[in-house]
Amino acid sequence: MAEQQISLPAKLLNGGIAGLIGVTCVFPIDLAKTRLQNQQNGQRLYSSMSDCLIKTIRSEGYFGMYRGAAVNLTLVTPEKAIKLAANDFFRYQLSKDGQKLTLFKEMLAGCGAGTCQVIVTTPMEMLKIQLQDAGRIAAQKKIQAQLSAQGGAQPAMEAPAAPRPTATQLTRDLLRSRGIAGLYKGLGATLLRDVPFSIVYFPLFANLNQLGRPASGEKSPFYVSFLAGCVAGSAAAVAVNPCDVVKTRLQSLQRGVNEDTYTGFLDCARKILRHEGPAAFLKGAYCRALVIAPLFGIAQVVYFLGIAESLLGLLPGPQL
C-alpha cells in the first residue's frame, strides 16, 4: 500500500520537474509563436521564427527572448502536475472494472485532464502573452513613428520608452479593472484548445509508448517514452493550432496600429478568415510543434523514470 500512498505526490512532483525543465529549454520558440500569431497582414514585422528571434535579440537583448518566462516557470509546475496527474486519475477510475481501456475511455480521460488544467493555464497564458507581445507592439510603434517622420509630419520630441509591464503589475491592473474574470479572459478558447489537445495527445502517447514496451510487460525504455511524447505532442499541437491562434488574439490586450479587435471566439475566427485567409489559422504551427514536442517528451521521460519517487524515497517519514 505504501506505493499507492506516495504515488499522487510523486506524480505531482514529476509533472512540476518536467515542466520547469521543458519551459526553460523551449521558451524562446514559444515567444516567437506568440508574436507570429499576433501579427496581422498589414503589420508584419517577422517573416519566420528565426527572423523573429534574431530581431528580438537585436532590439531587446538575449534575455528579451525570455520575457514572460517567470510567469511560466511559476505556474507551469501546478499546470503540468494537474494535467498529468488528472489523466492518470481518470484512467484509473475508468479502468476499475479490470478491463483494458478502450480508445474512447482513453480520450475521455484526456478530456478530463484538459478540462482540469485550464484552472491554471488560462491566467498563466493571459499574463505570458502580454509580456511576450510587448516587444512586438513597441517595435511597431517605433516603425510607425519613423514612417510618419519620413512622410513629412512635424517631428515631435521623442517620448521616453514606456516601461515594460511586469506580471505583478498586469495581475494587479486586471484584478482592479475587471476582477478575477480579467485573468480568465479567453477561458472558452483555452478549453477549445486544451480539451481537444488532451483528447488527441494522451491516447496517442499511450499507444505509441505501448509499441516500445518489452514483451515482459516492463516499462518502455526512456527513449521510447521521449519519442512517443514528441510525436504525440507535435501531432496534437498542430491539430489544435487554429484554436490556439484565436486564443492568443483574444488574450492580447494591446493591439498594433490598424490591427483588428475582437468581441469573442466566433468574431475573432470570422475576422481572421475574412482578412487573412485560412492559412492564418496555421500561423506559428511549426513553432508550437517545436515547443510541444520536447516539452512533452521531457515530461514523459521525467514522469516515467520516476525521478520524484526517488527523491521522495530519500525523505524521512512515517512508513504507511
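# Exercises on an all-helical predicted model

The chain has twelve helices and zero strands, and the coordinates belong to a predicted model. Of its 320 residues, 47% count as buried.

## Exercise 1: Two helices side by side

Determine how the axes of helix H3 and helix H4 are arranged, and describe the residues of their contact.

*Solution.* Begin with the general point that two packed helices are described by the angle between their axes and the distance between the axes. Helix H3 covers residues 69-94 and helix H4 covers residues 103-150; their axes come within 7 Å and cross at roughly 170 degrees. Since angles over 145 degrees count as roughly antiparallel, H3 is therefore roughly antiparallel to H4. The residues of the contact of H3 with H4 then divide into 16 nonpolar, six polar and six charged.

## Exercise 2: A salt bridge between distant parts of the chain

Find which side chain meets that of Asp30 in a salt bridge, and decide whether Asp30 is buried or exposed.

*Solution.* In general, side chains of opposite charge can pair when their charged atoms come close. The partner of Asp30 is Lys128, with 2.7 Å from N to O. This pair links distant parts of the chain, given that Asp30 belongs to helix H1 (residues 2-38) while Lys128 belongs to helix H4, 98 residues apart. For the second part, the cut-off for buried is under 20% relative accessible area. Asp30, with a relative accessible area of 9%, is therefore buried, and Lys128 counts as buried because its relative accessibility is 3%.

## Exercise 3: From single pairs to a network

State how many salt bridges a search of the whole structure finds, and list the residues that are linked in a network of salt bridges.

*Solution.* The search of the whole structure finds 16 salt bridges. The network links Asp30, Lys33, Glu125, Lys128, Arg193, Asp194, Asp244 and Lys247. Within this set, Arg193 forms a salt bridge with Asp194, and the closest N and O atoms of the two are 2.7 Å apart. Arg193 is buried, with a relative accessible area of 4%, and Asp194 counts as buried at 3% relative accessibility. Asp244 and Lys247, also in the network, are among the buried residues of helix H9. Helix H9 (residues 241-251) is itself mostly covered, with ten of its eleven residues buried.

## Exercise 4: A pair within one helix

Work out where Lys271 and Asp267 lie and how many residues apart they are.

*Solution.* Both residues lie in helix H10 (residues 265-276), four residues apart, about one turn of the helix. An α-helix has 3.6 residues a turn, so residues three or four places apart point the same way. Lys271 and Asp267 form a salt bridge, the closest N and O atoms being 3.5 Å apart. Asp267 counts as buried, at 14% relative accessibility.

## Exercise 5: A nonpolar surface patch

Identify the residues that make the nonpolar surface patch, and say which helix gives the most to it.

*Solution.* The patch, of about 740 Å², is made by Leu13, Phe222, Tyr223, Phe226, Leu227, Leu305, Ile307 and Leu311. Two elements give two or more residues to it, namely helix H8 (222-239) and helix H12 (307-314). Of the contributors, H8 gives the most, with four residues. Leu305, for its part, lies in helix H11 (residues 285-305). The cut-off for exposed is over 50% relative accessible area, and Leu305 is therefore exposed, with a relative accessible area of 52%.

Notes: Residues numbered from 1 in each chain as written. Predicted model: local features only at pLDDT ≥ 70, side-chain atom pairs only at ≥ 80, totals over all residues. Heavy atoms only, no water. Axes fitted to C-alpha atoms, helices over the stretch in contact; angles between N-to-C directions. Parallel < 35°, antiparallel > 145°, perpendicular 65-115°, else oblique. Nonpolar A, V, L, I, M, F, W, Y, C, P; charged D, E, K, R; others polar. Patch = residues over 30% accessible without salt bridge, like charges linked within 9 Å, V, L, I, M, F, W, Y side chains within 5 Å. Areas by Shrake-Rupley, 256 points an atom, 1.4 Å probe, with all protein chains shown as cover. Salt bridge = Lys/Arg side-chain N within 4 Å of Asp/Glu carboxyl O. Buried < 20%, exposed > 50% of the residue type's maximum accessible area, 1.4 Å probe, protein only.
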